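This report looks at how the parts of one chain are packed together. Please keep the sequence and the structure at hand while reading.

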Amino acid sequence: MATNTDRYAFLPGAPDYPTIVGGDGVFLIADDGRRILDAAAGAIVGNIGWGRTEVAAAAAAVMPMGYVVPLWPTPSRLALKDELVQHWLPEGMGNVFFTSGGSESTDSALRLARAYQVAKGRPDRWKIIGRHPSYHGMTLGTIAAASHLGRQKGYEPMLLPFPKVPWDDPEQVLKVIEQEDPATIAGFIAEPMTGAAGACLTASDEYWRTVTDVCKANDILLIADEVMTGYGRTGITWGHQHFPFDPDVIVGGKGLGGGYVPLGAVAATDEVVEALTGSGFMYFTFTGNEAACAAGTEVLQILRRENLVARAAEMGVVLERRLREELESHPAVVEIRGKGLFWGLELRCNRDDVVNAALERDMWVYPAGSGPVADAVMVAPAFVVTADEIDQIVQRLRGALDAVHPG
Ligand SMILES: Cc1ncc(COP(=O)(O)O)c(C=O)c1O
């Protein structure tokens, strides 16, 4: 039995979570046989649901080969790149750099923005514009580029002073870029819909048009952080496609490996990649890990074979309707927002209390919020979720909210 003395996150005082020994669709199976309704697909990772033996088989088939240095092609690397370029990435994004997850991908995108500017003969461009609030990962570079106060806390002296713009105000975007001087700015990173920091905050079309235009006008690389919103989560392939948001770089992780393998990818336009000169854009040792690439390709093919992105859109309509019917007027709820199977409930009560109350009802929801969004939880089940399971999610969440904040 796991206890908090295990200190998985190095920290004392974590709750005694159940030990999970299996998965089945939208359920996690605990060692005592309990079926825990996974209403957040883990950390909004498991787009295809749990228990997919096809993914395990694809990874197992290539594992005996072992390790190959990342610059060399292998069948699984080539297959994943082809799958991405042919079926997932927007036209003109024919270049992919593999990583082992979201943070490595966003951090690599920051590096790419800098490398691009240096290659173009602009060594003064080093700043990355981030949004407040936002989350881009836990490397020192991505903590600095993001604005998640809880996750920055204590590390401040180690963080580069990257400028921030508000998540929703186009005039401020223009003002900050002007004040900072575009000739010092390498890139602008943005989640199309804010994940852990804001629980699905969604800016206006005017905002995204302004961001896109000012970046294009000044050759600032626009990076879409699609680690949470990518691979169909919001009911279409990429979250940015809901808006007039035209990125030069797309970063993905989470749903790409579906939770089965640590895998991320950075895709960039031909223009960006062709500008790079010989000076090294170093890979990670596990860039393009063979088993991870094989599993990722299988995950993406399952999404296509089973038409799961369309299903995310369809079940998203059901989830939105049920959340609004049951919870919009609940005293604990400030706002319900989202798209597809990516939903946030901003709360008037402590999010950890709600997460724990949900766990007492055998359900996992994802805690979120920072800065202007003090407390929130996210509901983002696997795309295989049924209408009946959505009802169970909403009922259990109602039970948790009633228990924590009855009014
Ligand atoms: C938008 C976004 N970017 C980056 C990351 C970091 O990804 P990882 O935790 O896989 O390193 C996350 C993780 O939650 C995320 O939501």
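Which residues of the largest nonpolar core touch the most other members?

## The nonpolar core

In this predicted model, the largest nonpolar core holds 129 residues, and those that touch the most other members are Val 249, Val 365 and Met 378. The element that gives the most to this core is helix α10, which spans residues 290–305 and supplies 9 residues. Domain 1 (4–51 + 307–404) and domain 2 (54–305) each provide at least three residues of this core.

## The surroundings of Met 378

When residues up to four places away in sequence are left out, Met 378 touches Ala 40, Ile 44, Ala 199, Trp 343, Gly 344, Val 365, Tyr 366 and Ala 368. Val 365, one of these partners, is itself among the core residues that touch the most other members.

## Two domains and their contact

The domain assignment divides the chain into domain 1, made of 4–51 and 307–404, and domain 2, which covers 54–305. Their C-alpha centres are 25 Å apart, and 30 residues of domain 1 are in contact with 32 residues of domain 2.

On the side of domain 1 that touches domain 2, at least two residues come from each of α1 (41–44), α11 (308–327), β11 (333–339), β12 (342–347), β14 (366–370) and β15 (373–379). Helix α11 makes the largest contribution to this side, with 5 residues, and by class the side of domain 1 that touches domain 2 comprises 17 nonpolar, 10 polar and 3 charged residues.

Terms used:
Residues are numbered from 1 along each chain as its sequence is written. This is a predicted model: local features need pLDDT of at least 70, side-chain atom pairs count only at pLDDT 80 or more; totals for chains, interfaces and linings use all residues. A nonpolar core is a set of buried Ala, Val, Leu, Ile, Met, Phe, Trp, Tyr and Cys residues joined through C-beta atoms within 7 Å. A residue is buried if 20 or more other C-beta atoms lie within 10 Å of its own, exposed if 12 or fewer, and partly exposed in between; C-beta atoms are placed from the backbone. Helices (H or I, at least four residues) and strands (E, at least two) are DSSP runs, numbered from the N terminus. Domain bounds come from an automatic or database domain assignment. Two residues are in contact if their C-beta atoms, placed from the backbone, lie within 7 Å. Ala, Val, Leu, Ile, Met, Phe, Trp, Tyr, Cys and Pro count as nonpolar, Asp, Glu, Lys and Arg as charged, and the others, Gly among them, as polar.
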